[in-house]
Each structure stands twice: as C-alpha cells, then as structure tokens.
Amino acid sequence: MEVTTEPPKTQIDEASSHRNLSFSTPIAGDPSSDKLPFFRHRSRQIKRDTWLVSVFVLLQIVAFAVTMGVNDCSRNSNDHCAARLLGRFSFQPLSENPMLGPSASTFQHMGGLYWNALVEKHEIWRVLTSPWLHSGLFHLLINLGSLIFVGIFMEQRYGPLRIAVIYFLSGIVGSLFAVLFVRNIPSICSGAAFFGLIGAMLSALARNWNLYTSKVSALVIIITISTVNFLIGFLPYIDNFANIGGFISGFVLGLVLLFTPQLRQDPPPPHKGKLFEDDMRSSTRLKEMFDRPVLRIVCLVLFCGILAGVLIAACWGVNLNRYCNWCRYVDCVPTRKWSCSDMTTSCEAMVSDAQLTLTCMANGKFRIFPYTNISQARTQDLCTLVCT
C-alpha cells in the first residue's frame with residue numbers, strides 16, 4: 001500500500017493561507033461598496049468636539065432664565081402664578097401662557113417682534129434678539145432637544161464654522177421673513193435658526209443622495225422632527241413664518257456650504273494597498289462629482305437675493321397680511337383660549353376693594369382680578385386676555 005505524504009508547509013505558505021482566509025474582495029459593480037449610512041453609529045462617526053452646539057444650548061438656557069427673571073410673576077402679578085414655589089422665576093398662569101413662560105409684555109420688553117415696535121418705532125434690532133427667546137419651558141425643552149440631536153450630527157459631519165454660519169444667518173433671515181407677517185401680538189423666532197439646520201441637513205441628504213444608504217429612514221427622521229416643531233408653532237407667541245424662512249435659508253445655504261461629505265477612512269493594512277488605493281480613487285471621484293461650483297454660485301446668489309429682499313421689505317414696513325387673509329392661520333389656530341385676530345384691545349379699568357375689574361370695550365366682557373398694584377404693561381396683558 002502506497003502512503004502519500006504531504007510536503008511540510010513553510011512559513012510563507014501559512015502566511016499566504018492566513019491572508020486568503022482574512023482577505024475579502026468587494027463584488028464588482030456593487031454600488032453599496034462606496035456608500036455609507038446617513039446617520040452613522042457613534043463608533044463610526046468622525047470624532048470631533050461639539051463645543052458650538054454646547055454654546056448655543058447654554059446661551060438659550062441663560063436667555064430663558066433672564067427672561068423669567070425680568071418677568072418676575074410673583075411681583076408683577078401679585079403671586080397669581082403657576083409654580084409659585086419658584087418665586088421670581090415662576091410662570092404666568094396657564095390661561096395666559098400654556099407653555100409655562102412669561103407674559104406678552106415681557107416678550108415685548110426682551111426684544112420680541114410686534115408691529116408697532118418695528119414699523120412705528122423702527123426697532124429693527126429685534127430681528128437679532130427674537131431668535132434667542134422661547135415662549136415657555138415646554139418650548140425650550142423641545143427646541144433644545146431637537147437642536148442637540150440635529151446640531152451635534154451636523155457639527156460632527158461638517159465642522160463648527162459652517163454650522164455657525166448657517167445657524168446665525170438662518171435665524172436672521174427667518175426673523176426678517178416673520179416681520180412681513182408680524183402683528184401686534186408679540187412673537188418670537190427661536191425656531192428659525194433650528195429650522196435652518198434642518199433645511200441644511202435636508203439639502204446635504206438631497207445633494208449626496210447616491211452616497212448614502214438608509215436614505216428613506218433619514219428622510220423620515222427629518223420630516224418627523226420638522227413636523228413636531230412646526231406644529232408647536234401654532235401655539236401662542238411662536239412664529240411659524242420664522243420657521244419657514246429659516247428652513248428655506250438653511251436649505252439654500254446647505255447647497256452653498258455643505259459641498260464636501262466627510263468620509264471616514266481607516267489606514268490600509270499592508271496587504272491591501274491596491275484595494276485601498278482603488279477605494280481612495282472611488283471616494284475622490286465621489287467628492288469631485290458632488291463638488292459642483294456652478295450650483296454653489298447660483299445658490300449663493302439666490303441666498304443674497306432672499307436676504308436683500310426680506311431686509312428691504314422689512315425696512316419699508318411691508319405687511320403681507322393685508323394681501324393674504326388666511327396667512328395668519330399658518331401661524332395660529334384659534335381656540336377658546338386665544339384668538340388669531342389682530343385686534344387692538346382697550347379696556348375700562350375700575351378699582352374697588354383691592355380688586356381690579358377690566359371690561360373689554362370691544363365685546364363687553366369683563367373679569368375681576370384680586371389685585372390692583374400692577375404696571376400699565378401688565379394691565380394691557382390682562383386686557384388682551386379679557387378681550388380674547
């Protein structure tokens with residue numbers, strides 16, 4: 001019987017066998033080999049500090065705390081407040097502000113938008129202050145939660161400089177767009193800058209559509225976040241027109257600034273030099289394909305035109321509500337608690353036995369309040385509450 005003996009394996013053969021077991025060649029023509037998920041796992045995301053979003057969150061929290069301190073419900077409303085244990089930082093009654101926040105006169109004092117201040121007093125600086133105000137605690141928490149989710153993703157992907165430009169310019173354009181529909185009811189535009197980031201995220205997804213996997217899931221997430229924040233805009237004091245203007249501005253700026261997708265690449269192992277070189281060429285081709293200077297120039301001109309248009313219209317005091325009777329319902333849904341009509345309220349005040357009786361001159365409604373020593377601005381707040 002013949003015995004067959006195998007030749008002993010050398011070190012070279014063993015190493016070659018080991019390489020064959022661990023080496024995998026991508027399937028030719030497979031388009032998914034050059035793609036990456038839009039919302040990547042944290043371990044695969046680009047490692048970058050998100051200090052910019054942290055600064056934005058801190059500034060908005062400080063601005064809300066200062067607003068509540070200026071509001072001082074315990075003194076200005078004779079302790080007729082919600083969450084009275086907070087003292088100076090307690091909230092206005094829910095019938096006046098369902099979002100747990102300050103009064104309308106406080107919004108006016110802190111830089112909110114309203115028609116008389118912008119047109120008659122020419123206080124255009126309110127365009128810069130209104131994006132930092134929030135209608136109440138609920139609005140602040142929802143806005144910051146959305147900002148943290150979207151902002152961290154965008155800052156890690158594209159860096160703080162471009163995200164800061166989109167955030168600030170979207171807030172300004174959104175506020176200017178809101179001025180075109182502003183009424184005598186004070187409104188705030190804190191959602192404009194956030195919707196700018198949402199618009200920029202959507203433009204980045206649309207422009208790099210062929211680069212990403214799970215595109216439909218990413219689109220659903222973007223639409224869901226936008227819808228939730230837009231629905232909140234129907235509540236009092238929150239301006240949905242600012243959200244629309246910020247979204248348009250962010251979308252256009254995204255096409256201008258977010259032109260280079262950041263692709264994570266690991267260093268090549270020693271035995272994969274040729275394959276890694278092919279992958280690098282493929283990534284370079286993708287970047288060159290997405291880097292369209294003509295599109296960026298056209299979008300930059302378009303953004304400058306939008307900014308100039310809304311700025312000139314705001315300075316001239318253009319009021320689009322005169323030409324669009326239904327536009328106010330984009331920003332407000334009338335209920336029994338508040339009205340969407342832009343009426344000038346006036347009340348007759350009568351003081352007796354430490355009580356204040358306000359009677360609305362428009363509809364004859366009246367209400368008795370158990371205090372008298374309040375400011376004129378606070379009296380106007382209560383008058384508006386009675387008349388609506």
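This text walks through a helix contact, the aromatic pairs and the salt bridges of a predicted model.

A useful place to begin is the contact of helix 7, which spans residues 137-158, with helix 9, which spans residues 190-207; their axes lie 10 Å apart and the two helices pack at an angle of about 35°. The crossing of helix 7 past helix 9 is left-handed. On the side of helix 7 the contact includes His139, Asn143, Leu147, Val150, Phe153 and Tyr158, while among the residues of helix 9 that meet this helix are Ser190, Phe194, Leu197, Ile198 and Met201. Sorted by character, the residues of this contact comprise 11 nonpolar and six polar ones, with no charged residue.

From here the reader may turn to the aromatic side chains, for which a search of the whole structure gives 10 aromatic pairs. In one of these, phenylalanine 56 and tyrosine 167 are stacked, with 4.1 Å from centre to centre and 15° between the planes. Because phenylalanine 56 belongs to helix 2 (residues 51-71) and tyrosine 167 to helix 8 (residues 160-179), the pair ties together parts that are 111 residues apart in sequence. Phenylalanine 56 and tyrosine 167 are both buried. The rings of phenylalanine 194 and phenylalanine 195 are arranged otherwise: their planes stand at 80° and their centres are 5.8 Å apart, so this pair is edge-to-face. Phenylalanine 194 and phenylalanine 195 are likewise both buried. Returning to the stacked pair, Phe56 and Tyr167 form one aromatic cluster together with Trp132 and Phe168.

The charged side chains complete the tour, with a count of four salt bridges. Aspartate 72 takes part in a salt bridge with arginine 75, where the closest N and O atoms are 3.2 Å apart, and in another with arginine 88, at 3.3 Å from N to O. The latter pair links distant parts of the chain, 16 residues apart, since aspartate 72 sits in the loop between helix 2 and helix 3, and arginine 88 in the loop between helix 3 and helix 4. Aspartate 72 counts as buried because its relative accessibility is 5%, whereas arginine 75 is exposed at 56% and arginine 88 is partly exposed at 46%.

A further salt bridge joins arginine 378 and glutamate 96, whose closest N and O atoms are 2.6 Å apart. Here arginine 378 in helix 15 (residues 376-387) is linked to glutamate 96 in the loop between helix 3 and helix 4, across 282 residues. Both arginine 378 and glutamate 96 are buried. Through shared partners, salt bridges join Asp72, Arg75 and Arg88 into one network.

Notes:
Residues are numbered from 1 along each chain as its sequence is written. This is a predicted model: local features need pLDDT of at least 70, side-chain atom pairs count only at pLDDT 80 or more; totals for chains, interfaces and linings use all residues. Side-chain values use heavy atoms; hydrogens and water are left out. Axes are lines fitted to C-alpha atoms, for helices over the stretch in contact, and angles run from 0 to 180 degrees between N-to-C directions. Helices (H or I, at least four residues) and strands (E, at least two) are DSSP runs, numbered from the N terminus. A crossing is left-handed if the near helix is turned anticlockwise from the far one by less than a right angle, and right-handed if clockwise. Contact means heavy atoms within 4.5 Å. Ala, Val, Leu, Ile, Met, Phe, Trp, Tyr, Cys and Pro count as nonpolar, Asp, Glu, Lys and Arg as charged, and the others, Gly among them, as polar. Rings of Phe, Tyr and Trp (its six-membered ring) pair if their centres lie within 6.5 Å; planes under 30 degrees apart count as stacked, over 60 as edge-to-face and the rest as tilted. Buried means under 20% relative accessible area, exposed over 50%, partly exposed in between (1.4 Å probe, protein chains only).
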